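Trainee: Could we go through this model together, one question at a time?
Mentor: Happy to! Have a look at it first.
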Amino acid sequence: MERRTFGSTTLELVRGDITEQEVDAIVNAANARLAGGGGVDGAIHRRGGPSIMEECRKIGGCPTGSAVATGAGRLPARHVIHAVGPVWRGGTHGEDEQLASAYRRSLELADELGARTVAFPSLSTGAYRFPVDRAARIALGAVRAWLESAPTRIELVRFVLFDEATLDAYRRALAELGD
Ligand code: ADP
């Protein structure tokens, strides 16, 4: 199952590259210093150009579990939402709640910015080593709960998964969400 509707919002899963998404806002898997890095973060700054990092420097940082917004430079999106997921430390340091919070705060920001279409990568499951099956359940559960908790102008939430194993984990988690 690759698409479901919650309230008036469609949630979909695709395999792809977040930097190519023609949506109003893409979410970056950022670090707390907003300092740039590898993975999603590296790809966004490389393809988006230097203006995104200039804005990040002015903002200075972002706590784990939260998010901040900048422009999108040369990317096709209009906004980049820099979300800071937790580094996996065994699962007993509040990682689940921090991950859910990063998704919720990103959606709040996207809604405040007037975004109707939003694309997420799989936060924390690369360099931050969060186990992907667990992360997928938390991500989809948090997004669903947020969409069902209040009216929103967001019409589409797309998860853009970079490899087949990650897409499969999100497919399983979506199927397990229940009605
Ligand atoms: P984190 O530091 O939060 O773990 P990473 O960027 O290292 O973030 O990885 C998060 C996930 O994003 C991983 O599944 C990784 O394979 C994937 N990824 C890497 N580059 C891209 C990209 N350009 N578009 C979408 N997903 C990507």
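What follows is a short conversation about a strand and a ligand in this predicted model.

Trainee: Is strand β3 largely enclosed or not, and how many of its residues are buried?
Mentor: Good place to start! Strand β3 covers residues 25-29. A residue counts as buried when its relative accessible area is under 20%. The strand is largely enclosed by the rest of the structure, because the number of its 5 residues that are buried is 4.

Trainee: Which residue of β5 is the bridge partner of Val27?
Mentor: Let's look at the pairing first. Strands β3 and β5 (residues 79-83) run parallel and are joined by 5 bridges. Within β5, the partner of Val27 is Ile81.

Trainee: And which residue in β6 stands opposite Ile26?
Mentor: Strand β6, residues 117-120, also pairs with β3 in the parallel sense, over 2 bridges. Opposite Ile26 in β6 you will find Ala119.

Trainee: Which helix gives the largest share of the shell around the ligand?
Mentor: The ligand takes up the space of the largest pocket. It is surrounded by 16 residues, and Ile18 and Val40 are among the closest. The largest share of that shell is 3 residues, and they come from helix α1 (residues 39-48).

Trainee: How much of the ligand's area does the protein bury?
Mentor: Start with the contacts: a polar backbone atom of Val40 is 2.9 Å from an oxygen atom of the ligand, and a backbone N or O atom of Gly126 lies 2.8 Å from a ligand oxygen atom. Taken alone, the ligand exposes 570 Å², and the share of this that the protein buries is 89%.

Methods. Residues are numbered from 1 along each chain as its sequence is written. This is a predicted model: local features need pLDDT of at least 70, side-chain atom pairs count only at pLDDT 80 or more; totals for chains, interfaces and linings use all residues. Side-chain values use heavy atoms; hydrogens and water are left out. Buried means under 20% relative accessible area, exposed over 50%, partly exposed in between (1.4 Å probe, protein chains only). Two strands pair if DSSP finds at least two bridges between them. A residue is near a molecule or strand if one of its heavy atoms lies within 4 Å of it. A polar contact is a pair of N or O atoms within 3.5 Å; within protein, one must be able to donate a hydrogen and the other to accept it, and residues adjacent in sequence count only if both atoms are side-chain atoms. Accessible areas come from the Shrake-Rupley method with a 1.4 Å probe; for residues, only the protein chains shown count as cover. On a 1 Å grid over the protein atoms alone, a cavity is a set of points where a 1.4 Å probe fits but cannot get out, and a pocket is an open set with protein on both sides within 12 Å along at least five of seven lines; lining residues have an atom within 4 Å of a point. A molecule sits in a cavity or pocket if more than half of its atoms lie within 2 Å of its grid points.
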